[in-house]
Amino acid sequence: IAAANSLSDIYAMGAEVSTALNIVAYDSCNVSKKMLNEILRGGSDKVREAGGVILGGHTIEDVEMKFGLSVTGMVHPKKILRNNTTKIGDKIILTKPIGLGVITTSIKANEAPKSAIEKAIFHMSFLNKTASELAIKFGANALTDVTGFGLLGHLYEMTNSKISVQLEFAKIPII
């Protein structure tokens with residue numbers, strides 16, 4: 001999931017994944033080497049699925065386990081899709097349901113129902129590769145990944161004094 005999230009930043013610009021570096025903070029007192037190896041294998045699998053390669057990484061000891069990727073991608077400078085180039089008449093297309101942030105917060109508080117956790121894991125495990133490729137193919141003007149800022153935060157970045165967005169709540173997929 002962390003790898004898929006890291007790779008999303010590349011896809012959110014219409015780029016293709018090239019390389020990645022593992023970034024690991026490792027709690028050797030509470031996380032076994034076997035578990036660390038599984039985390040790294042999962043990250044490597046996602047990078048390979050994205051068409052990239054792992055070049056290595058950085059590992060430090062920390063009291064809290066952390067994992068992510070520093071990802072490099074390639075896109076022609078004139079073909080970069082940005083989050084602030086929306087045009088009048090554009091349609092907003094969501095490729096995943098919203099509500100993942102609420103679920104991950106409730107997981108941290110040990111209050112998430114198992115069914116919500118399973119749905120969140122299912123959706124967060126998918127790469128945004130196909131969605132990015134389709135956005136490019138069909139001429140999207142702007143692109144973003146809805147992550148830490150949520151749907152409204154990312155829409156705020158996509159709007160300006162000349163561009164506004166109207167949402168139809170009943171059509172928004174929600175977990």
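In the predicted model, helix α3 meets helix α4 through Leu-100, Ile-103, Thr-104 and Ile-107. Their counterparts in α4 are Ala-116, Ile-117, Ala-120, His-123 and Met-124. The contact of α3 with α4 is made up of seven nonpolar residues and two polar ones, with no charged residue.

The geometry of this helix pair was computed next. Helix α3 spans residues 100-108, and helix α4 spans residues 114-124. The two pack at an angle of about 125°. Their axes lie 10 Å apart. Angles over 145 degrees count as roughly antiparallel, and those from 65 to 115 as roughly perpendicular. The angle of about 125° falls in neither class, and α3 and α4 are therefore oblique to each other. The crossing of α3 past α4 is left-handed.

Strand pairing centres on β1, which covers residues 16-26. Strand β1 is joined to strand β3 (residues 66-74) by nine bridges. These two strands run antiparallel. Within β3, Met-74 stands opposite Glu-16.

Strand β1 also pairs with strand β2 (residues 53-61). Here the sense is parallel, and the bridges number eight. Tyr-26 has Glu-61 of β2 as its bridge partner. Between β1 and β2 the chain passes through helix α2, residues 33-49. The resulting β-α-β crossover is right-handed. In a regular strand, side chains alternate between the two faces of the sheet.

Terms used:
Residues are numbered from 1 along each chain as its sequence is written. This is a predicted model: local features need pLDDT of at least 70, side-chain atom pairs count only at pLDDT 80 or more; totals for chains, interfaces and linings use all residues. Side-chain values use heavy atoms; hydrogens and water are left out. Axes are lines fitted to C-alpha atoms, for helices over the stretch in contact, and angles run from 0 to 180 degrees between N-to-C directions. Helices (H or I, at least four residues) and strands (E, at least two) are DSSP runs, numbered from the N terminus. Angles under 35 degrees count as roughly parallel, over 145 as roughly antiparallel, 65 to 115 as roughly perpendicular and the rest as oblique. A crossing is left-handed if the near helix is turned anticlockwise from the far one by less than a right angle, and right-handed if clockwise. Contact means heavy atoms within 4.5 Å. Ala, Val, Leu, Ile, Met, Phe, Trp, Tyr, Cys and Pro count as nonpolar, Asp, Glu, Lys and Arg as charged, and the others, Gly among them, as polar. Two strands pair if DSSP finds at least two bridges between them. A crossover is right-handed if, with the strands pointing away from the viewer, the path from the first strand over the helix to the second runs clockwise.
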